[in-house]
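Here are a few notes to read alongside the model, written for someone meeting it fresh. Take them in order and keep the viewer open.

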Amino acid sequence: MAETEVEDILRQIRERVIAQQRSAAAGTAPLAANASANGDRRSAEVPTAGSSNRETTAQTLALISSYLTTTERAWDRLPPVISNRGGFVASVELWCKRQMKRATRWYAWEQVNFNAAVHQALRDLLPVLAAQQHELERLRAEGGALQTELERQQGELAALRAVAQATQQDDFSLTQNAQVITQLLAELREHDELLREEQRVCFKQISLETSEAATLEDRSRRKTETLLAELQRRLDEIEKK
Amino acid sequence: MPKESLYERAGIADVAEFYRTKFASDEVLDNRYFKALDRFDIRFARTMWVYDNVRAGSSVLELGCGAGMLAMLKRKGVALIGVDLSSACAIAARRNGYDATFAAELSRLPLPAASFDYVVSLDVMGHVEAEAKDAVLAEVKRVLRPGGVTLHGIECTDRTARKGYDEMSAAELRRFVEIDGHVGLEEEQEQAARFRKFFSQVAWQPRYALCLSSEEFLKQADRYGLPFEDDFLDYLRGLSFKERRAFDMAMGYVFGKVSDLNLRLPESGLYVLLKASDAPLGPFYNEHRDRRNLFSATAEAAVSAASTTTAANQLCLDRNLEVEFDDGWFEPNMLPPIARWMGQQAAVKFRAATVSEIRLDLTTHLPDLHALPLGVEIFLNGERLCAFSLRRYGWLELRVPVPADLGGRARGAFELELRTDRTWQPRPVAGETRDDRELSIAVCNITVRVKSET
């Protein structure tokens with residue numbers, strides 16, 4: 001019987017080492033590096049976030065599950081009574097140890113009860129942790145989706161901002177163009193007004209010159225008529241003579 | 001192979017365009033704007049020689065009319081026709097009052113034979129190459145009526161002092177011709193001899209060398225290299241617009257007196273005045289001198305003014321020969337329209353029975369007008385009619401009512417005076433034109449509403 005127990009203990013140690021090597025290979029914080037054979041995990045660090053953390057948590061749950069196989073099997077087992085001696089001395093030693101075992105049974109029984117309670121607690125905790133892990137993964141997946149959506153929206157927002165900035169610049173350019181056009185229009189109107197005024201004055205001058213020419217023409221006509229009348233009068237006088 | 005002309009050798013391909021850039025201008029030479037005092041201006045000295053030698057009411061053809069330097073001959077009631085190589089010059093002369101103008105070569109005049117009493121040219125024969133001159137003179141003889149007279153002012157050369165065309169290098173020739181386009185300069189006797197081939201009577205006098213305008217002195221020195229004293233040239237360069245005008249008036253006065261005294265000047269190798277005809281020539285100067293129409297207070301002009309007044313109940317002062325524009329006004333410019341710039345103060349004297357309203361158009365090119373408006377005041381016979389600030393460019397039409405009592409006190413004589421509070425120089429450092437006039441406003445279309453004289 002003692003050989004069988006030793007073999008079990010060695011197998012448990014091997015499984016624990018293999019689990020630690022997997023953890024180290026995954027680049028995570030060392031887990032159960034200081035775990036002793038009695039399952040003390042005080043120095044084990046709890047993973048925080050990320051997919052590697054999710055794997056680590058799953059491994060941790062698997063490790064706890066492996067611990068539970070140990071506790072399930074050994075929670076009520078006490079150390080075997082053995083002797084390294086031989087002969088009579090060995091018989092005496094074994095008898096003494098059995099007596100002492102019987103005498104300290106009340107104390108060992110409490111330990112067995114404690115082991116049973118721990119085992120039950122861990123066994124009940126495991127599905128809760130698994131459920132929480134599952135829920136956590138679901139939430140992480142949702143968070144990832146939200147993150148992706150957020151990044152997409154941020155991209156869209158940046159694009160919109162760029163468009164808005166370009167539009168603002170276009171608006172500014174349009175405003176500037178409008179100002180230039182307004183200024184040109186004002187200059188054009190002013191120039192047009194000056195030209196109109198110039199034309200008005202030119203036409204007025206032409207009108208005055210035409211009036212003067214007409215007056216001079218009228219005067220010349222009257223003078224010519226007078227001269228013709230005088231000529232006619234003289235011709236008449238000559239004819240009479 | 002035809003011989004290359006001097007124009008071609010000088011790199012002038014388009015001769016008409018060359019003369020357009022040299023002689024076509026917006027200059028107002030219309031006789032209606034001519035001030036009697038300008039008869040003393042050396043600029044009009046040769047025009048006055050022609051004016052005093054043509055008969056009133058005759059027909060005059062001007063060869064190479066340019067912008068119309070002979071326009072004042074219209075005051076003598078002549079029929080004035082102009083011919084120029086450049087169509088732009090022909091148009092300018094027409095605008096200045098020529099009865100008709102043509103763009104044509106002088107050796108192929110588009111005019112009937114024996115159609116003019118006078119054929120005149122000023123500063124033209126020096127622009128006709130020696131080989132072409134005979135053809136031009138043949139045309140002059142053709143269009144002249146029998147007994148007609150041809151009058152010329154001709155640029156000459158002095159071969160002892162100046163290289164002939166054949167002696168000039170290509171660069172020298174180009175530089176020389178580019179100044180004025182002189183490709184036909186000959187000595188004084190050569191010119192006279194050429195005319196004698198066509199006319200039996202030829203008389204000529206070396207003129208326009210002793211008396212020159214200030215601008216011409218500087219041009220002869222700077223461009224043609226004539227020797228004048230350096231300090232004299234420096235003095236001329238330093239003259240202001242008014243001083244230059246005074247100098248030119250003095251020169252013109254002396255020029256006129258030399259003519260009046262019939263003094264013969266020594267040969268200068270620069271310029272001659274020449275008369276030629278197949279009929280016996282009269283006096284070289286003042287053959288038909290009658291300057292009455294240059295002055296405002298002639299009976300004919302008075303009739304004209306009165307007629308104008310009667311016709312429209314308004315009197316336009318701009319071109320009225322009875323009206324006197326004082327020296328505060330500069331010579332008219334084509335802005336357009338034709339307007340007179342004034343300095344800080346200028347006056348117009350006119351006669352009318354009564355004046356009820358004065359109208360005029362005015363403008364300014366004064367810089368910074370928006371920042372500093374130009375103050376303008378208008379007076380009639382010393383009484384201020386209005387005062388205002390000119391704040392904008394462009395033409396302003398002004399109508400100023402005249403108090404009724406003012407006309408009564410004036411006794412028919414009025415003096416319209418305009419004053420401004422500042423002036424500016426349009427081109428204070430202009431190189432060639434040296435226009436340093438002090439200008440304020442330009443005025444035109446000055447009309448007064450009058451009541452008919454009874």
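1. Start with chain A. Residues 24 or more positions apart account for 63% of its contacts with a separation of 6 or more, where a contact means two C-beta atoms, placed from the backbone, within 7 Å. Chain A has 4 helices and 0 strands, so its elements read α-α-α-α from the N terminus, going by DSSP runs numbered from that end (helices are H or I, at least four residues; strands are E, at least two). Buried residues make up 4% of its 241 residues; buried means 20 or more other C-beta atoms within 10 Å of a residue's own, exposed means 12 or fewer, and partly exposed is in between.

2. A word on ground rules. This is a predicted model, in which local features need pLDDT of at least 70 and side-chain atom pairs count only at pLDDT 80 or more, while totals for chains, interfaces and linings use all residues. Residues are numbered from 1 along each chain as its sequence is written, and chains are lettered from A and ligands numbered from 1 in the order in which they are written.

3. Where the chains meet, 16 residues come from chain A and 18 residues from chain B. On the chain A side that touches chain B, they split into 8 charged, 5 nonpolar and 3 polar. Here Asp, Glu, Lys and Arg count as charged, Ala, Val, Leu, Ile, Met, Phe, Trp, Tyr, Cys and Pro as nonpolar, and the others, Gly among them, as polar.

4. Now look at helix 10 of chain B, residues 241-260. Its 20 residues should span 28 Å at 1.5 Å a residue, and the end C-alpha atoms are indeed 28 Å apart; the expected span is 1.5 Å times one less than the number of residues. Which residues of this helix are buried? They are B:Arg245, B:Asp248, B:Met251, B:Gly252, B:Phe255, B:Gly256 and B:Ser259. These cover an arc of only 140° around the axis, so they sit on the same side of the helix (the arc is that of the directions from the helix axis to the C-beta atoms). They pack against helix 3 (45-51) and helix 8 (214-222) of chain B. B:Lys257 and B:Asp260, on the other side, are exposed.

5. Last, B:Ala161. This residue lies in the loop between strand 5 (144-155) and helix 6 (170-180) of chain B. B:Ala161 counts as exposed because it has 11 C-beta neighbours inside 10 Å.
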